[in-house]
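Here's a walk through one chain, going from its charged pairs to its strands, a helix and a patch on the surface. Keep the structure open as you read.

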Amino acid sequence: MENKTSTLRLIYPQWQGGIVDHWMPDIPADDASRGYYLGAQLLNFLAPESSQKTAEVPVSLDINDRKTEKGVSARNVILKQTKAALEIIRENAPEKIVTLGGECSVSVVPFTYLAAKYPDDVAIVWIDAHPDINLPYDDYKGYHAMALTACLGMGDEEIIDTLPGKVDASKALLVGLRSWDNGMQERQKELGIKGLSPKEVADNSSAIMEWLKGTGASKVVIHFDLDVLDPAEIIAGVGVDPDGMKMDEVIRVINDIAAGYDLISLTIAEPMPRIAIKLRNMLNRLPLLKE
């Protein structure tokens with residue numbers, strides 16, 4: 001008999017999709033690059049205890065395994081880890097998935113798995129300061145910026161062919177959006193992806209709920225990139241674009257969606273624990289601790 005898991009908690013500490021060390025000159029470059037790995041472990045430590053089965057995707061820590069091929073940095077290791085994540089999910093056959101990452105691309109496997117499981121009945125709410133709709137031929141080669149387009153079935157051919165499903169662009173909504181790479185506003189318009197600024201969702205979730213109603217979907221997957229948060233309140237990710245969403249606003253939005261729809265996946269992504277990295281490095285330089 002097939003083993004069914006209602007909700008799987010997936011620890012997915014993938015860091016290779018980000019090219020971010022230049023944004024954090026106060027942290028050694030290798031530590032900044034791999035900071036998402038520690039961030040995922042800390043999210044799991046801080047998350048409430050539950051009866052959910054927990055599984056962790058094996059992720060390489062080799063800082064040198066980051067060759068850019070076919071327009072994607074660290075493409076080979078990302079493809080390998082994509083397959084490993086998919087194998088774990090298929091083994092557990094969950095109905096719902098909580099993902100603790102890792103950079104933004106950790107949503108791709110869970111979301112596309114659930115899109116295949118519930119065909120034409122899944123909407124994506126992507127809560128992020130950035131649209132994450134890059135493609136391999138764009139200037140920036142970090143896979144985390146290609147995460148939403150991958151969920152929509154666009155990107156590196158071999159990676160996309162590995163994924164089990166996709167969501168139509170008409171069923172993807174960007175929330176908290178306020179920063180675009182060159183050409184991304186035009187691409188968002190071409191793809192027909194609606195975006196809502198932090199200001200448009202600050203007081204209530206009505207614009208989101210109205211959009212969801214229009215999709216006809218009964219199930220929702222939510223991606224929560226910590227850089228959507230206002231840096232004046234907290235700096236939890238890499239991005240520090242001003243005038244972001246408040247923590248209470250994000251919590252309200254997610255809970256409002258969960259109250260009105262079947263929330264089948266929630267990803268928390270892009271944790272960059274700057275202080276924890278510095279404390280770890282300090283401890284590594286003290287006597288007695290490593291004996």
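## A buried aspartate and its lysine

D230 is buried, with a relative accessible area of 8%. Keep in mind that this is a predicted model. D230 makes a salt bridge with K246, and the closest N and O atoms of the two are 3.0 Å apart. Both residues sit in the loop between strand 9 (219-225) and helix 9 (247-260), 16 residues apart. K246, for its part, is partly exposed, at a relative accessible area of 32%.

## Other salt bridges

How many salt bridges does the structure hold? The count is nine. Among them is the one between E158 and R75, where the closest N and O atoms are 2.8 Å apart. E158 belongs to helix 6 (residues 157-162) and R75 to helix 3 (residues 75-92), so this pair ties together parts of the chain that are 83 residues apart in sequence. Cover differs across the pair: R75 counts as buried, at 4% relative accessibility, while E158 is partly exposed, with a relative accessible area of 36%. There's also a bit of a network here, as salt bridges that share partners join R75, D156 and E158.

Then there's K96 with D262, with 3.2 Å between the closest N and O atoms. This pair links distant parts of the chain, K96 being in strand 5 (residues 94-101) and D262 in strand 10 (residues 262-269), 166 residues apart. K96 is partly exposed, with a relative accessible area of 30%, and D262 also counts as partly exposed, at 27% relative accessibility.

## Strand 5 and what touches it

Strand 5 deserves a look of its own. Six of its eight residues are buried, so the strand is largely enclosed by the rest of the structure. Strand 5 runs parallel to strand 10, and four bridges join the two. If you want a place to look, T99 has T267 of strand 10 as its bridge partner.

K96 turns up again in the surroundings of T7, a residue of strand 1 (residues 5-12). What does T7 contact, once its neighbours within four places in sequence are left aside? The list is Q52, K53, K96 and V98. T7 itself has 19% relative accessibility and counts as buried, because the cut-off for that label is under 20%.

## Strand 6, covered on both sides

Strand 6 (residues 122-127) is mostly covered, with six of its six residues buried. Which way do the residues of strand 6 point? V122, I124 and W126 point one way, and A123, V125 and I127 the other way; all are buried.

Two partner strands are worth tracing. Strand 6 runs parallel to strand 9, joined by six bridges, and in that pairing I124 has V221 as its bridge partner. Strand 6 also pairs with strand 7 in the parallel sense, over four bridges. There, I127 stands opposite V175.

## Helix 7, with two sides

Next, helix 7 (residues 184-191), where M184, R187 and Q188 are buried. Seen down the helix axis, the buried residues fall within an arc of 100°, so they line one face of helix 7. K189 and E190, on the other side of the helix, are exposed.

What covers the buried residues of helix 7? The cover includes strand 7 (172-175) and strand 8 (194-196). Strand 7 therefore has two roles in this account, as it pairs with strand 6 and forms part of the cover over helix 7. Just after helix 7 comes G192, which takes a positive phi of about 75°.

## A nonpolar patch on the surface

Last stop, the outside. I275, L279, M282, L283, L286 and L289 make a nonpolar surface patch of about 580 Å². One of these, L279, is found in helix 10 (residues 274-283). L279 is partly exposed, with a relative accessible area of 44%. To qualify for a patch, a residue needs over 30% relative accessible area and no salt bridge, so L279, at 44%, clears the area cut-off.

Note on methods: Residues are numbered from 1 along each chain as its sequence is written. This is a predicted model: local features need pLDDT of at least 70, side-chain atom pairs count only at pLDDT 80 or more; totals for chains, interfaces and linings use all residues. Side-chain values use heavy atoms; hydrogens and water are left out. Patches are made of residues with over 30% relative accessible area and no salt bridge: like charges are joined within 9 Å, nonpolar side chains (Val, Leu, Ile, Met, Phe, Trp, Tyr) within 5 Å. Accessible areas come from the Shrake-Rupley method with a 1.4 Å probe; for residues, only the protein chains shown count as cover. A salt bridge is a side-chain nitrogen of Lys or Arg within 4 Å of a carboxyl oxygen of Asp or Glu. Buried means under 20% relative accessible area, exposed over 50%, partly exposed in between (1.4 Å probe, protein chains only). The arc is that of the directions from the helix axis to the C-beta atoms. Contact means heavy atoms within 4.5 Å. Two strands pair if DSSP finds at least two bridges between them.
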